[in-house]
Amino acid sequence: MSGIFSSSLGKKLIMSITGLFLMLFLVVHLTTNLLLLVGDGSLYNRAAHALATIPLLRIVEFLLAFGFFFHIVYATIITLKNQRTRPIGYNKTASNRVTTWPSKNMYILGFAILAFLVLHLINFFLKLRFGEAPYVEGTEMHNTYLLVSSFFAKYWWYNLIYVISAVLLGLHLSHGFWSAFHTIGLNNNKWLNRLESFAYVYAVIVAVGFTIIPIYFWFAR
Amino acid sequence: MKLKLKIWRQKDAKSKGKFETYYLDSVSPEMSFLEMLDYLNSQLILKGEDPIAFEHDCREGICGSCGLYINGRPHGLKGKTTTCELHLRDFKDGCTIVVEPWRAASFPVIKDLMVDRHAFEKIMQAGGFISTNAGAAQDANAIPVAKPNADEAFDAASCIGCGACVAACKNSSAMLFIAAKVSQLALLPQGRIEAKERVKRMVAKMDELGFGGCTNTRACEAECPKGISISHIARLNREYYAAKFSD
Ligand code: HEM
Ligand code: SF4
Ligand code: FES
């Protein structure tokens, strides 16, 4: 184990493990939020309440924050190092028609996701955890449904930001998904193309899934 | 055919260097790219000018010394070819060809189009071999090797160490090169014995020499004249983590 995380491969291992964990979180996050579109929202409220109050999930929440923290810190360390490896660039460059745009711009995409994340936490998480958010009448349970649906019905530019962010996240994952498996060594000639296809499927599900929610509430207002 | 050439000229490692433009009026499409440079050099010498320094040896795609960055891609736009295997028929009559050296902090320019690729040798010295006493060759069937492993090892062994992977990578990463060398040995029984030490040392050397990390952009694979697959990089990662975690 000695010194593994000081090596370039060790740092990538952290990117990959945290990335896989974050992708798993996204599945849970998307599934629960799609409950917004089901019925009158009471199901969603109960799910959100459960997620916020089950003690074990507070530990998971902590892990999630750690996951983000290490993913971002190591992304920065790796990117800064990689940028120093070619002091004099090429005069002319041509496309090889294989390399995808996201794969070359993971940090830019990640940074946009980070900016969105901050906004997103302010919009919902902070309100729910530290005040302001409405309650379901006569209960101790937040009316998260009302919070979210009224938010998306109010400001069109927030909806736009949420849609664009979902697309940028999808682009990050269209590369990140298969790249994470490749990094931990789970890839070979047979799986290369399969994993890349899965990556596109996963990325589209995430991007479309998170796009539907604001659009639905805008048109349902 | 007629050609306009924009070629990087740099007196020595310390000089700044700049592009010079040259015109060739009557070259044959049958000429190889390197013959064309030889021809240009003979004209420069006749004029009393300094000929363009570029590396070459076998001129048949097996030694790996002829790496040039041509029209924006390593070894030119043809794909799966070394520079020495390019011919002028691969270019359009009257076109402009931009020729640059490999660019990477770990491959400093020595002169004109020549770069110092000792970094690859240092990586090989760190572990790209098997330690065995040389002697009479034993019977080839004494150590059975599964056919798929033999094939994969053979594919990996076709790496000629040209450095196009480093030149193409946005991070100047040497991962494809090292993955090929590690795979070639890790897949065969003789190489397994030192596999753990080898992978740790080669990766440590790569980091020490200033090559970047891998972002899995696949640019290396796209430019490799031997078509080495990035699946070898997945194997390199497996080998490395297994070796590190068993420490
Ligand atoms: C929900 C949010 C996010 C998810 C699910 C996610 C997921 C992933 C995954 C799976 C990878 C592939 C790891 C690998 O190649 O081994 C990755 C790579 C990367 N991520 Fe993220 N990421 C997220 C947010 C961010 C943020 C906020 C940043 C930075 C500010 C970021 C920066 C990067 C960078 C730079 C890479 C490429 C690292 C490399 O290949 O060298 N990501 N991400
Ligand atoms: S992996 Fe391919 S591009 Fe890289 S040094 Fe070997 S032959 Fe050249
Ligand atoms: S000169 Fe040997 S590979 Fe091109």
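In this predicted model, helix H2 of chain A meets helix H6 of chain A through A:Tyr44, A:Asn45 and A:Ala48 on the H2(A) side and A:Thr144, A:Tyr145 and A:Val148 on the H6(A) side. Sorted by class, that contact has four nonpolar and two polar residues, with no charged ones. H2(A) covers residues 42-53, and its axis comes within 8 Å of the H6(A) axis, crossing at roughly 115°. Angles of 65 to 115 degrees count as roughly perpendicular, and H2(A) and H6(A) are therefore described that way.

H6(A) has another partner to look at. Residues 144-154 make up H6(A), and its axis comes within 7 Å of the axis of H8(A), residues 189-219, with a crossing of roughly 75°. So H6(A) and H8(A) are roughly perpendicular to each other too. On the H6(A) side, the contact uses A:Tyr145, A:Ser149, A:Phe152, A:Ala153 and A:Lys154, while H8(A) brings in A:Ile213, A:Pro214, A:Phe217 and A:Trp218. By class that makes seven nonpolar residues, one polar and one charged. A:Tyr145 is worth clicking on: it takes part in the contact with H2(A) and in the contact with H8(A).

Now for the ligand. Ligand 1 is surrounded by 26 residues, the closest being A:Lys12, A:His71, A:His172, A:Ser179 and A:Thr183. These surrounding residues come from chains A and B, so the site is shared between chains. From chain A, helices H1 (8-34), H3 (55-83), H5 (106-129) and H7 (156-183) each supply at least two residues of the shell. The class count for the shell is 15 nonpolar, 10 polar and one charged.

Here are some polar side-chain atoms and the ligand atoms they lie by:

| Residue | Atom of ligand 1 | Distance |
|---|---|---|
| A:Lys12 | oxygen | 2.6 Å |
| A:His71 | nitrogen | 2.8 Å |
| A:Ser179 | oxygen | 2.5 Å |

Over on chain B, have a look at B:Asn216, which sits in the loop between helix H7 (195-208) and helix H8 (219-223) of that chain. Buried means under 20% relative accessible area, so B:Asn216, at 4% relative accessibility, counts as buried. Across the chains, the B:Asn216 side chain makes a polar contact of 3.3 Å with the side chain of A:Thr183. Leaving aside residues up to four places away in sequence, B:Asn216 touches A:Lys12, A:Ser103, A:His175, A:Trp178, A:Ser179, A:His182 and A:Thr183. Some of those names are familiar from the ligand: A:Lys12, A:Ser179 and A:Thr183 are among the closest residues to ligand 1.

Key. Residues are numbered from 1 along each chain as its sequence is written. Chains are lettered from A and ligands numbered from 1 in the order in which they are written. This is a predicted model: local features need pLDDT of at least 70, side-chain atom pairs count only at pLDDT 80 or more; totals for chains, interfaces and linings use all residues. Side-chain values use heavy atoms; hydrogens and water are left out. Axes are lines fitted to C-alpha atoms, for helices over the stretch in contact, and angles run from 0 to 180 degrees between N-to-C directions. Helices (H or I, at least four residues) and strands (E, at least two) are DSSP runs, numbered from the N terminus. Angles under 35 degrees count as roughly parallel, over 145 as roughly antiparallel, 65 to 115 as roughly perpendicular and the rest as oblique. Contact means heavy atoms within 4.5 Å. Ala, Val, Leu, Ile, Met, Phe, Trp, Tyr, Cys and Pro count as nonpolar, Asp, Glu, Lys and Arg as charged, and the others, Gly among them, as polar. A residue is near a molecule or strand if one of its heavy atoms lies within 4 Å of it. A polar contact is a pair of N or O atoms within 3.5 Å; within protein, one must be able to donate a hydrogen and the other to accept it, and residues adjacent in sequence count only if both atoms are side-chain atoms. Buried means under 20% relative accessible area, exposed over 50%, partly exposed in between (1.4 Å probe, protein chains only).
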